[in-house]
Amino acid sequence: MGVNDPAGNNLATDGNTVITPTADLSVTKTDGVTSVNQNGTVTYAIVASNAGPSAVTGATVTDVFPAQLTGATWTCAATAGSAARRAGRAISPRR
């Protein structure tokens, strides 16, 4: 024996909003000076930021040191919720 399903009541709605993950990454690099004396020291600040609203996984910031710089080293400070390689020695540029 079959069951009769009256027409007109087979509708459903879902009010959930689908959020597409979106990041807003930016990178700035400054040294705060307009010139440097030969054999002087240069300190660059590179800041990577995400204005969101979504988190980012696996983003990489790469900076190539100019060939004129010798003995370059670097350090890194990560803020809460981020991770970073803390320090290293520059690799000589390929020629």
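1. In this predicted model, the protein has 4 strands and 0 helices, and the order read along the sequence is β-β-β-β. Three of the strands can be placed by residue number: β1 covers 25-30, whereas β2 covers 45-50 and β3 covers 73-75.

2. Burial is low across the protein, since 3% of the 95 residues count as buried. The exposed surface comes to about 8,900 Å², and carbon and sulfur atoms supply 52% of that area. Among the contacts in the protein with a separation of 6 or more, 33% are accounted for by residues 24 or more positions apart.

3. The loop between β2 and β3 deserves a careful look, as P53 is found there and is joined to G52 by a cis peptide bond with an omega of about 15°. For context, most peptide bonds are trans. S54 lies in that loop between β2 and β3 as well, and S54 counts as buried because its relative accessibility is 18%, which falls under the 20% cut-off for burial.

4. What does this part of the loop touch elsewhere in the sequence? Leaving aside neighbours within four places in sequence, S54 is in contact with P21, T22 and A23, and T22, on the same basis, is in contact with G52, P53 and S54. The residues G52 and P53 of the cis peptide bond are therefore both among the contacts of T22, with contact taken as heavy atoms within 4.5 Å. T22 and P53 are 31 residues apart in sequence, yet their C-alpha atoms are 6.2 Å apart in space.

5. T22 itself is found in the segment before β1 and is partly exposed, with a relative accessible area of 39%. A polar atom of the T22 side chain also lies 3.0 Å from the backbone oxygen of T20.

6. A second backbone feature to check is N39, which is not a glycine but has a positive phi of about 65°. Most residues other than glycine have a negative phi. N39 has its place in the loop between β1 and β2, and N39 counts as exposed because its relative accessibility of 77% is over the 50% cut-off.

7. As for aromatic side chains, a search of the whole structure finds 0 aromatic pairs. There is, however, a charge placed over a ring, in that K29 lies over the face of Y44 at 4.6 Å from the ring centre.

How values were computed. Residues numbered from 1 in each chain as written. Predicted model: local features only at pLDDT ≥ 70, side-chain atom pairs only at ≥ 80, totals over all residues. Heavy atoms only, no water. Helix = DSSP H or I, 4+ residues; strand = E, 2+ residues; numbered from the N terminus. Buried < 20%, exposed > 50% of the residue type's maximum accessible area, 1.4 Å probe, protein only. Areas by Shrake-Rupley, 256 points an atom, 1.4 Å probe, with all protein chains shown as cover. Phe/Tyr/Trp six-rings, centres within 6.5 Å; stacked < 30°, edge-to-face > 60°. Lys NZ or Arg CZ within 6 Å of the ring centre and 35° of its normal. Polar contact = N/O pair within 3.5 Å; in protein donor to acceptor, adjacent residues only side chain to side chain.
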